[in-house]
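Colleague: Got a minute to go through this model with me? I'd like to start with the DNA.

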Protein chains: 2
Amino acid sequence: MAARTKSSEPKPTKGERTRARLLQAAAREFAQQGFDAARISDIVARAEVSQPAFYLYFGSKEAAYAEVINQFRTRLRNAIRSARLPKDLEKDQIADRVRWSVTTLLDALASDRDLLEVGFYQALAAEEIKAELSEQIAANVAAEQADGFFRTDMPPAFFANCLIGIIERMARSKSTPSERQQQARFIAELLLNGLRVQPHS
Amino acid sequence: MAARTKSSEPKPTKGERTRARLLQAAAREFAQQGFDAARISDIVARAEVSQPAFYLYFGSKEAAYAEVINQFRTRLRNAIRSARLPKDLEKDQIADRVRWSVTTLLDALASDRDLLEVGFYQALAAEEIKAELSEQIAANVAAEQADGFFRTDMPPAFFANCLIGIIERMARSKSTPSERQQQARFIAELLLNGLRVQPHS
DNA sequence: TGCCTATATTACTCGCTAGTAATGTTAGTC
DNA sequence: GACTAACATTACTAGCGAGTAATATAGGCA
């Protein structure tokens, strides 16, 4: 693979590539087996190196796990940043804005299912990062409330938790990008307008 | 084994009480540590018996885990049955009916946090039982759609998954019964009417 | 009281897996 | 081609924890 066309990373040395393979293999094993059941022997077999090679790059099983989690955190943080509601939309397009945010988050979470499984569903730190996500969402909701687009009789934090619950669940189901768009559309519609029949549909 | 499990359980024999203590201890350890990290030695210490006593009542660690999961499944099934929307309410009281269902489910899930943790969040069988729950909810939603109370442009299964995601998340946060009632109220309100400012509050 | 069964314990084995010491092999540079 | 890091391997050890054999005690009933 001569994917050498990177500006910032001129040439990944052999060790770096091995390390990357190990990390990916670790992510998969941790995702499928969980931390305790995952075996170093399986990780190195998947990466096609032998056992002590693992310890050339990671101090311990725990260290590798922590690094997988960190990778996920970083990606999710970036996604949260991208998902910020663009404020320059028309006032009547809240639906579009919410849909954009939900789509961005769903796509980011679905982009690497191993990281998702470890970082969002089995790590001790999962609640922590969800709290971070929750805060961001709540802040956005509060802003919309202040702007008069959202009703104010519902706590932003509560809404944020609902949205996270929904996203958690949707992210887990394998789906194509277009299916995810569809899901995002439904989610936005449900959260904005509810399931009750609309007075003037 | 003396099949003493009759109508009102006249006297639990010593063995039965030990077994119950072990099962409860196992539920706690499994909930807090996960299956692999949970140690038989910790379980028996918590139950205040010694190691081989465990194997008098459970064939293996796996067997005990399976029994914990089964306990949860049974309880949740009962809760689902109780949560069926009572059909004899007025047509204008959908909110009450949804609230009732949500409250019932939340209460049932919160009634034993160890079982909840194992059966809903860490068991391989968790997705299975959530699918069961999802079907029930979807069926209810479909009925409401047929009766003209819910909009029909949203798939019942999708709505069911959203609700489960929300309930999953809410159930995890420790809360008093009255807080749960409040949560249920918000959930019903959000899912029925949405977050957008209402045309005529 | 003495008997029998259910219940429990002490003191092990044994496999499995994270981690390591000693040693070998590439790949880049002169 | 020869030298030197960086990279990798074979062949171990250590200890943890599930499960077991042999043995001891409680408690209901004649």
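Colleague: Which residues come nearest to DNA strand C?
Modeller: This is a predicted model. In it, 18 residues lie around DNA strand C, and A:Arg39, B:Thr18, B:Ser50, B:Pro52 and B:Tyr57 come nearest.

Colleague: And what part of DNA strand C is within 4 Å of the protein, bases or sugar and phosphate?
Modeller: Of the strand C atoms within 4 Å of the protein, 62% belong to sugar or phosphate, and the rest belong to bases.

Colleague: Which side-chain atoms are close to a phosphate oxygen there?
Modeller: B:Tyr57 has a polar side-chain atom 2.6 Å from a phosphate oxygen of DNA strand C. For B:Thr18, an N or O atom of the side chain is 2.7 Å from a phosphate oxygen of that strand. There is also a backbone case: an N or O atom of the A:Lys61 backbone is 3.0 Å from a phosphate oxygen of DNA strand C.

Colleague: Which elements give two or more residues to that surface?
Modeller: α3 (51-57) of chain A, plus α1 (14-33) and α3 (51-57) of chain B. The largest share, four residues, comes from α3(B). By class, the surface near DNA strand C has nine nonpolar, six polar and three charged residues.

Colleague: OK, other strand. What surrounds DNA strand D?
Modeller: 18 residues surround DNA strand D, the closest being A:Thr18, A:Ser50, A:Pro52, A:Tyr57 and B:Arg39. Sugar and phosphate make up 63% of the strand D atoms that come within 4 Å of the protein.

Colleague: Where are the phosphate contacts on DNA strand D?
Modeller: Among them, A:Thr18 has a polar side-chain atom 2.7 Å from a phosphate oxygen of DNA strand D, and a side-chain N or O atom of A:Thr13 is 3.4 Å from one. From chain B, a polar backbone atom of B:Ile40 is 3.1 Å from a phosphate oxygen of DNA strand D.

Colleague: Which element gives the largest share of the surface near DNA strand D?
Modeller: α3(A), with four residues.

Colleague: Switching to the protein interface. How many residues of chain B and chain A are in contact?
Modeller: 38 residues of chain B contact 39 residues of chain A. The two chains bury about 3,800 Å² between them, with 62% of it on carbon and sulfur atoms. B:Arg169, B:Leu195 and B:Arg196 supply 23% of the area that chain B buries against chain A, more than any other three residues.

Colleague: How many salt bridges and polar contacts cross the interface?
Modeller: Six salt bridges and 21 residue pairs in polar contact. One of the salt bridges joins A:Arg169 and B:Glu168, with the closest N and O atoms 3.4 Å apart.

Colleague: Which elements of chain B give two or more residues to that side?
Modeller: α7 (126-146), α8 (156-172) and α9 (177-193). α8(B) gives the most, with 11 residues. The side of chain B that touches chain A divides into 20 nonpolar, eight polar and 10 charged residues.

Colleague: What turn lays chain B on chain A?
Modeller: A turn of 180°, with a shift of 0.0 Å along the axis and an RMSD of 0.1 Å. That is the relation of a two-fold axis. The same surface serves both copies, as 100% of the contact residues of chain B recur in chain A.

Colleague: Last one. How far apart are the closest N and O atoms in the salt bridge of A:Lys130 with A:Glu127?
Modeller: 4.0 Å. A:Lys130 and A:Glu127 are separated by about one helical turn, because they are three residues apart in helix α7 (residues 126-146) of chain A. Over all chains the structure holds 36 salt bridges.

Methods:
Residues are numbered from 1 along each chain as its sequence is written. Chains are lettered from A and ligands numbered from 1 in the order in which they are written. This is a predicted model: local features need pLDDT of at least 70, side-chain atom pairs count only at pLDDT 80 or more; totals for chains, interfaces and linings use all residues. Side-chain values use heavy atoms; hydrogens and water are left out. A residue is near a molecule or strand if one of its heavy atoms lies within 4 Å of it. A polar contact is a pair of N or O atoms within 3.5 Å; within protein, one must be able to donate a hydrogen and the other to accept it, and residues adjacent in sequence count only if both atoms are side-chain atoms. Ala, Val, Leu, Ile, Met, Phe, Trp, Tyr, Cys and Pro count as nonpolar, Asp, Glu, Lys and Arg as charged, and the others, Gly among them, as polar. Contact means heavy atoms within 4.5 Å. Buried area is the accessible area (1.4 Å probe) that two parts lose on being put together, summed over both. A salt bridge is a side-chain nitrogen of Lys or Arg within 4 Å of a carboxyl oxygen of Asp or Glu. Copies are superposed by least squares on the C-alpha atoms of residues with pLDDT of at least 70 in both.
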